[in-house]
Structures are given as structure tokens and as C-alpha cells.
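Hi,

Here is the structure I promised to pass on. Have a look at it first, and my notes on the helix packing and the buried parts follow below.

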Amino acid sequence: MEAVLDIDHVSKSIQGKTIIHDLAFTVFAGEVFGFLGPNGAGKTTTIRMMVGLSSPDSGDIRIHGHSIQKAYKQAIAHVGAIVENPELYTHLTAEQNLVHFARMNGKVDKDRIQELLRLVRLENVKNKRVRTFSLGMKQRLGIAQALIHRPKLLILDEPTNGLDPEGIRMVRDYLRQLAKEEGLAVVVSSHLMSEMELMCDRFAILQEGHLVDIEQTSDESNEDTRLTYRLEFTPGQQSEAQHAIHAFDPSAKARLQGDHIFASFYKTQLPDLIRHLSSEAIDMYELREEKVTLEDRFLSVTSRKEASS
């Protein structure tokens, strides 16, 4: 995979306080990369450094192989970005806005403008003034504006802020489509973890300026991963079942919660588990995998970081 963004051991201090500590990660072409963290974690500071609005104290940021510090013009030519809210001319139409921004980039490609209007589904309102647009329509036009020069990297800071559920869904779908069809690397910063889970391929967790972890959004099961399961038994057999599970695999950490038992197993253990419980005359009515949400994983990772501090 082609590396589009390379954050190379970047640190940043503001007024004597270290905000970013030795941050390092890579974002590849065709992926949507999430940037998660509580307020004050350093997400916006990092994004400002990515687009050259702030300089790191140490380390480097390379975009499509060009250093944002040493070769700013070459690096920023590959970047499209919306930091906070898109800057639009509300007295102009949607099409006029894109023509204006195309001129600022040195070339007006009318076919590209029409292509982007279709992409963000604004072709039917392209002649309406932006002041009449909803927040979601402005956000979509802002994305089109950021893509006018065919960048390799799209950076969006809280792109779904203030949008209704339909607007959030549309922005999410556009970003995944862009990554897939145009081969863009997309970096998205947000605090809406439910949306990030649906939008991103991978995500980085930032806490107090430290990179805590980088994970795949899809935590799909495989033979090398223990998954948590919820088991339901005949009423009155829960205690007996808990002991039987412990005898089968002490590492399953079977715990009784309400009328169910929760335990972790490798997927390949399940047939043997079922046979073992049957041999002990224990009737199991349900075995269901408990899905771990992105929010659960985020809280787990950040709480481990706090405990080790």
C-alpha cells in the first residue's frame, strides 16, 4: 500500500507545556483513518501541524513523500482539508464557489466541477446561493471544495458537527466512496465514536498528547482471538455450568451476571465446549457472541493507559 501521510516522531510544546509526545503513525491510500481522543488530547493541534498551520518542535510530517516543513508547497499541493467549518462565499452559488476555488488553485476544470457536484449530490442546486443551504449541504460543498485539485490526502476535523442523522450518514457514505473510488487517504477527527466505527478502516487513540494505540475498526473474529460469549442455561444450572466451564478452560474467566454466564473462548473451542457441557448433563439454550463496540474498546484502552500512568 502507498503511504500518503507519514507522521514521524512528532512532538509539540505550547507555552512550555508538551502537547504532543513523540507521535508516529502512517496513513495509506484508499483508507479512512480515524483520529480519536477526548477534548484536549491533541487532535486539533496535530491536524494544524499536518496542514502547516503550526510547526512541530521535533520530528517531521511527510505528505506523499514531501516534508511539510522543508517542502511546504509540494506537500500541501496534495492536501485537501476542512478544519472546523468550511469557508464558503454565501452570496455565491455552489457552482460559483467551486469555480472561484478552482481559480485559486490555478486551473478551472469545468468537467471536474460538475463531477464533484454530482459526487456530493448538489448538482440539482448548483445555481442556488449558498446562504440558502442547510448545514449539511454546506458541509458537502466544503468537501467538494477540498477535492477540487484532486488531492492525495483529505483531512477533516469534526466533519459531522451539527449535522442531523441524515446529514451524518451522507457525509459518512461520501468519505468511504472517495477513499474507494479515488484512492484518497482520508483522516477524520471526531468524538462521535458510533460514526467513526461505521466510517473508518483504522483508528488512532490519542490521550494527553500520547498515541495510546492504533487498531482496526473491524474487530472481526479469527482463530487467534478470544471472543466474549453470552451463555444461557436451564434455570438453576448456572452455578454448575460456571464450574464446568472453568474445568473446561480456566482462562475463559466465566462469570455469572444475572441469568447468563459470560466467558471468553477461541472460536475453534466452541464445538468441544458444547460437547463438554452435554457430557456434564448441562442444558445450554443459547450461545451468542457479545460484540465489542468502538466505544468499549476506546474506554478499555484509555483506562489501561490511565492505570499505567
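**Helix packing and buried residues**

Let's start with α3 and α4, which are oblique to each other (angles under 35 degrees count as roughly parallel, over 145 as roughly antiparallel, 65 to 115 as roughly perpendicular and the rest as oblique). Helix α3 covers residues 94-104 and helix α4 residues 110-119; they pack at about 130°, with their axes 10 Å apart. Helices here are DSSP runs of H or I with at least four residues, strands are E runs of at least two, and both are numbered from the N terminus. The axes are lines fitted to C-alpha atoms, for helices over the stretch in contact, and angles run from 0 to 180 degrees between N-to-C directions.

Before going further: this is a predicted model, in which local features need pLDDT of at least 70 and side-chain atom pairs count only at pLDDT 80 or more, while totals for chains, interfaces and linings use all residues. Residues are numbered from 1 along each chain as its sequence is written, and side-chain values use heavy atoms, with hydrogens and water left out.

Back to that pair. α3 and α4 make a right-handed crossing (the near helix is turned clockwise from the far one by less than a right angle; anticlockwise would be left-handed). On the α3 side the contact (heavy atoms within 4.5 Å) uses A94, E95, L98, V99 and A102, and on the α4 side I113, Q114 and L117. By class that gives 6 nonpolar, 1 polar and 1 charged. Nonpolar here is Ala, Val, Leu, Ile, Met, Phe, Trp, Tyr, Cys and Pro, charged is Asp, Glu, Lys and Arg, and the others, Gly among them, are polar.

α3 also packs on α5, at an angle of about 25° and with the axes 10 Å apart. That makes the two roughly parallel. This crossing is right-handed too, and A94, N97, L98 and F101 of α3 meet L141, A144 and Q145 of α5. There are 5 nonpolar and 2 polar residues in that contact, and no charged ones.

α4 has a contact with helix α6 (residues 165-182) as well: their axes come within 12 Å and cross at roughly 135°, so α4 is oblique to α6. Here R112, E115 and L119 of α4 touch Y174, Q177, L178 and E182 of α6. The split is 3 nonpolar, 1 polar and 3 charged.

Now the inside. The largest nonpolar core (buried Ala, Val, Leu, Ile, Met, Phe, Trp, Tyr and Cys residues joined through side-chain atoms within 4.5 Å) has 40 residues, and L154 and L175 touch the most other members. Beyond its neighbours within four places in sequence, L175 contacts V32, I143, L154, L156, V186, V188 and M199. A separate core of 27 residues includes V4, L23, A41 and V187.

Two loop residues are worth finding on screen. L147 sits between α5 (135-146) and β7 (153-157) and is buried, at a relative accessible area of 0% (buried is under 20%, exposed over 50%, partly exposed in between, with a 1.4 Å probe and protein chains only). Not counting residues up to four places away, L147 touches R112, L116, L119, L154, L178 and L184. Q237, in the loop between β11 (226-233) and α8 (238-248), is buried as well, at 13%. Leaving out neighbours within four places in sequence, Q237 contacts A281, I282 and D283.

Cheers
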